[in-house]
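Student: I'd like to learn how to read a fold by going through one, feature by feature. Can we start with a strand and work outwards?

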Number of protein chains: 2
Amino acid sequence: MSTVFVNIGLSLDGYMAPAGMSLEHWHTPEYKDWGAQWGALMAWVFDQQYFREHLKLGPGGDTGPVNDLLRSTTERIGANIMGKRMFEQGEASWPAEAPFHTPVYVLTHEKREPWERPGGTTFSFITEGPERALELARESAGRRDIRIAGGADVIQQYLNLGVVDELEVALAPVLFGSGRRLFENLREPRPQFRIDRVLDDPAATHVRYVRQ
Amino acid sequence: MSTVFVNIGLSLDGYMAPAGMSLEHWHTPEYKDWGAQWGALMAWVFDQQYFREHLKLGPGGDTGPVNDLLRSTTERIGANIMGKRMFEQGEASWPAEAPFHTPVYVLTHEKREPWERPGGTTFSFITEGPERALELARESAGRRDIRIAGGADVIQQYLNLGVVDELEVALAPVLFGSGRRLFENLREPRPQFRIDRVLDDPAATHVRYVRQ
């Protein structure tokens, strides 16, 4: 069966996204300095060869263990699940060939026909809740895995359902002070994880937690 | 000059202490299950040989790199600084030979004579604010270092003063869901750190951040 996983960049103070990073301010990254803060959070990824190749940014880049991690994380995904806000931000900024190349299930309250993009990404809009989205993702992922892509509220919903098998965190040495926290609204019984693997890199500490 | 450092256990969701862990409930660890949660947070420390020796819990214990880290962290301390609430919790629970063996500066609004304990711990009560406490700690620490022991609010004050040289975190694979967060109330400009060292252990991920 597919593994359900989260893979997310986190600031040292626990934020997935800085204050000001929203659809409204998507084209004004200087608003609350969100662009620079986001850049610092994700600094570990920009020079990786696989990232550059995947986003068609040109040749070159690092080819060490972080690059291997990035490649294996991306290649194991058979389906993505995301929230409506994340989709709307992406709809405004992704290229026509959206960077997923898998079925993507979008949790929403508005019915909408599936939206097929070049390159193998099809967005399906699910109004029957997170469990139904996961069921559909399992059907389409085959032997590959399911990524709960975000945002924070969607990850929290799946953590609270107890279905997240692996939680992969790239903990960056930055303090945001405010923004959108990953770990909030957790209900009892809280999910239990053990440390599975740590990859030590100067730009971020990559920790994989596996459900106990 | 002495290095000013923080060394703290953190839950994966960023809490230093679970909900319910306060002086009022010190003798009822079953209240909100705080005792078990605290135990899970600090699980990495209890079997270390140095911890057992230091707290006179008897012989035996692990003697690997985590034990070395614990020993060097403790032995480099020439003075401690803590808040009034942490002191009051400790006053109610430490043995006569308080587990510091250094001068301890307690930030408070109430004047009180220094309190000398057997074993080299003297508590001095500082009413002139965190900068004055740090000045006194520097005078007494000599070539050894100064630990900002806690609680969260005191660590936040020193982070906001920009004087924390090293931030050492033992990130435990537990989710508290609520409690006292370490990283709150950070003011601009926020302190900037780089990753200095990661020690990978099954019970906690030990990361040292150094101020940039």
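**Reading the model, strand by strand**

Tutor: Sure. Strand β1 (residues 4–11) of chain B is largely enclosed by the rest of the structure, because 8 of its 8 residues are buried. Bear in mind that this is a predicted model.

Student: Which residues point each way from β1(B)?

Tutor: B:V4, B:V6, B:I8 and B:L10 go one way, while B:F5, B:N7, B:G9 and B:S11 go the other, and all are buried.

Student: What holds neighbouring strands together in a sheet?

Tutor: In general, the strands pair through backbone hydrogen bonds, and they can run parallel or antiparallel. Here, β1(B) runs parallel to strand β8 (residues 166–172) of chain B, with 7 bridges joining them. In that pairing, B:N7 sits opposite B:E168. β1(B) is also parallel to strand β7 (residues 145–150) of chain B, this time through 2 bridges, and there B:V4 is opposite B:I146.

Student: Now chain A. What is the order of the strands in its open sheet?

Tutor: The sheet has 9 strands with mixed pairing, in the order β5-β6-β4-β3-β7-β1-β8-β11-β10. β5 (115–116) and β10 (193–200) of chain A have a single partner strand each, so one side of each lacks a neighbour in the sheet. Further in, β1 (residues 4–11) of chain A runs parallel to β8 (residues 166–172) of chain A through 7 bridges, with A:F5 opposite A:E166.

Student: Which helix lies across β3, β4, β5, β6 and β7 of chain A?

Tutor: That's α5 (residues 84–91) of chain A, running at about 100 degrees to β3(A).

Student: How do I describe two packed helices?

Tutor: Give the angle between their axes and the distance between those axes. Take α6 (residues 130–141) and α7 (residues 152–161) of chain A: their axes come within 11 Å and cross at roughly 85 degrees. α6(A) and α7(A) are therefore roughly perpendicular. A:P130, A:E131, A:A133 and A:L134 of α6(A) meet A:Q157, A:Y158 and A:L161 of α7(A). By class, that contact has 5 nonpolar, 1 polar and 1 charged residues.

Student: And how are two copies of a chain related?

Tutor: The general recipe is a rotation about an axis plus a shift along it. Here, a turn of 180 degrees and a shift of 0.0 Å along the axis lay chain A on chain B with an RMSD of 0.0 Å. The two copies are thus related as by a two-fold rotation axis. In chain A, A:G14 has the C-alpha nearest the axis, at 3.3 Å. Both copies use the same surface, as 100% of chain A's contact residues recur in chain B.

Key: Residues are numbered from 1 along each chain as its sequence is written. Chains are lettered from A and ligands numbered from 1 in the order in which they are written. This is a predicted model: local features need pLDDT of at least 70, side-chain atom pairs count only at pLDDT 80 or more; totals for chains, interfaces and linings use all residues. Side-chain values use heavy atoms; hydrogens and water are left out. Two strands pair if DSSP finds at least two bridges between them. Helices (H or I, at least four residues) and strands (E, at least two) are DSSP runs, numbered from the N terminus. Contact means heavy atoms within 4.5 Å. Axes are lines fitted to C-alpha atoms, for helices over the stretch in contact, and angles run from 0 to 180 degrees between N-to-C directions. Copies are superposed by least squares on the C-alpha atoms of residues with pLDDT of at least 70 in both. Buried means under 20% relative accessible area, exposed over 50%, partly exposed in between (1.4 Å probe, protein chains only). Angles under 35 degrees count as roughly parallel, over 145 as roughly antiparallel, 65 to 115 as roughly perpendicular and the rest as oblique. Ala, Val, Leu, Ile, Met, Phe, Trp, Tyr, Cys and Pro count as nonpolar, Asp, Glu, Lys and Arg as charged, and the others, Gly among them, as polar.
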